[in-house]
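I opened this entry to look up how the chain folds and what sits inside it. My notes follow in the order I checked things.

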Amino acid sequence: MVETGLKYTSQMIVSKQLTAQSMGSGDMAVLATPAMMALMENAAMLAVAPHLPEGCTTVGGHIAASHLRPSKIGDSVEATATVTKVDGKKIEFKVEARSNGTLLGEGTHLRFIVDRKKFMDRL
């Protein structure tokens, strides 16, 4: 059962492939905002995954986050997602990313519980 307070932290090391330069979101060799946001989404997905009904997963519906500080290649980054509200199949999260204790980004994320098979059958 998904409930408020569930939390998960995902981690990564900034690699060349995760830079703004490589991802096309900028022209500098620093962590790309899309990569930071993907790590936040990953943490949210994993925070609730063990608590879902069999055959279900979550899909992202919205993310709003600020990217406050840069990270260089080789830096360790962690993103934490915490469930703040559950309304039926709608789950809201607080998300933040840090490197060595320094806040890199923060925001909110919305995910929806879906039945995997039904979801894929609609494509």
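I started with the radius of gyration, which is taken over C-alpha atoms; the globule rule is 2.2 Å times the number of residues to the power 0.38. With 123 residues, a compact globule would have a radius of gyration near 14 Å, and the protein has 15 Å, which agrees. Along its principal axes the C-alpha trace spans about 40 × 30 × 20 Å.

I noted the ground rules next. The model is predicted: local features need pLDDT of at least 70, side-chain atom pairs count only at pLDDT 80 or more, and totals for chains, interfaces and linings use all residues. Residues are numbered from 1 along each chain as its sequence is written, and side-chain values use heavy atoms, with hydrogens and water left out.

**Overall fold**

I counted helices and strands as DSSP runs, numbered from the N terminus (helices H or I, at least four residues; strands E, at least two). The protein has three helices and five strands. Along the sequence I read the pattern β-α-α-β-β-β-β-α.

I then looked at contacts, meaning heavy atoms within 4.5 Å. Of the contacts with a separation of 6 or more, 64% are between residues 24 or more positions apart.

For surface I used the Shrake-Rupley method with a 1.4 Å probe; for residues, only the protein chains shown count as cover. The accessible surface comes to about 7100 Å², and 53% of it belongs to carbon and sulfur atoms. I called a residue buried under 20% relative accessible area, exposed over 50%, and partly exposed in between (1.4 Å probe, protein chains only). By that rule 36% of the 123 residues count as buried.

**Core and helix H2**

What is in the largest nonpolar core? I took such a core as a set of buried Ala, Val, Leu, Ile, Met, Phe, Trp, Tyr and Cys residues joined through side-chain atoms within 4.5 Å. The largest one has 28 residues, and Val2, Leu31, Val48, Val77, Ile91 and Phe93 have the most contacts inside it. Helix H2 (33-48) and strands E3 (76-87), E4 (90-99) and E5 (102-115) each give two or more residues to this core. H2 gives the most, with nine residues. In soluble globular proteins, nonpolar side chains tend to be buried together.

I checked the length of H2. The expected span of a helix is 1.5 Å times one less than its number of residues. For the 16 residues of H2 that is 22 Å; the end C-alpha atoms are 23 Å apart, which agrees. Its buried residues are Ala35, Met36, Met37, Leu39, Met40, Ala43, Ala44, Ala47 and Val48. They pack against E1, helix H1 (20-23), strand E2 (56-67), E3, E4 and E5.

I followed Phe93 outward. Leaving aside neighbours within four places in sequence, Phe93 touches H2 residues including Ala44, Ala47 and Val48. Its list of contacts also includes Ala81, Val83, Gly107 and His109.

**Strand E1 and Thr80**

Is Ser10 buried or exposed? Ser10, in strand E1 (residues 7-13), is buried at 4% relative accessibility. I looked for its polar contacts (a pair of N or O atoms within 3.5 Å; within protein, one must be able to donate a hydrogen and the other to accept it, and residues adjacent in sequence count only if both atoms are side-chain atoms). The Ser10 side chain makes one with the side chain of Asn42, at 2.6 Å.

Lys7 is in E1 too, but Lys7 is exposed at 57%. Beyond four places in sequence, Lys7 touches Ala47, Thr80, Ala81 and Thr82.

Thr80 lies in E3 and is buried at 15%. A polar contact of 2.8 Å joins the side chains of Thr80 and Thr9.

**His109 and Asn100**

What does the His109 side chain meet at 2.8 Å? A polar atom of that side chain lies 2.8 Å from the backbone oxygen of His62. His109 is in E5 and buried, at 3%. Among its contacts beyond four places in sequence are Glu41, Ala44, His62 and Phe93.

Last, I looked up Asn100, in the loop between E4 and E5. Asn100 is exposed at 75%. Its phi is near 50 degrees, a positive value in a residue other than glycine.
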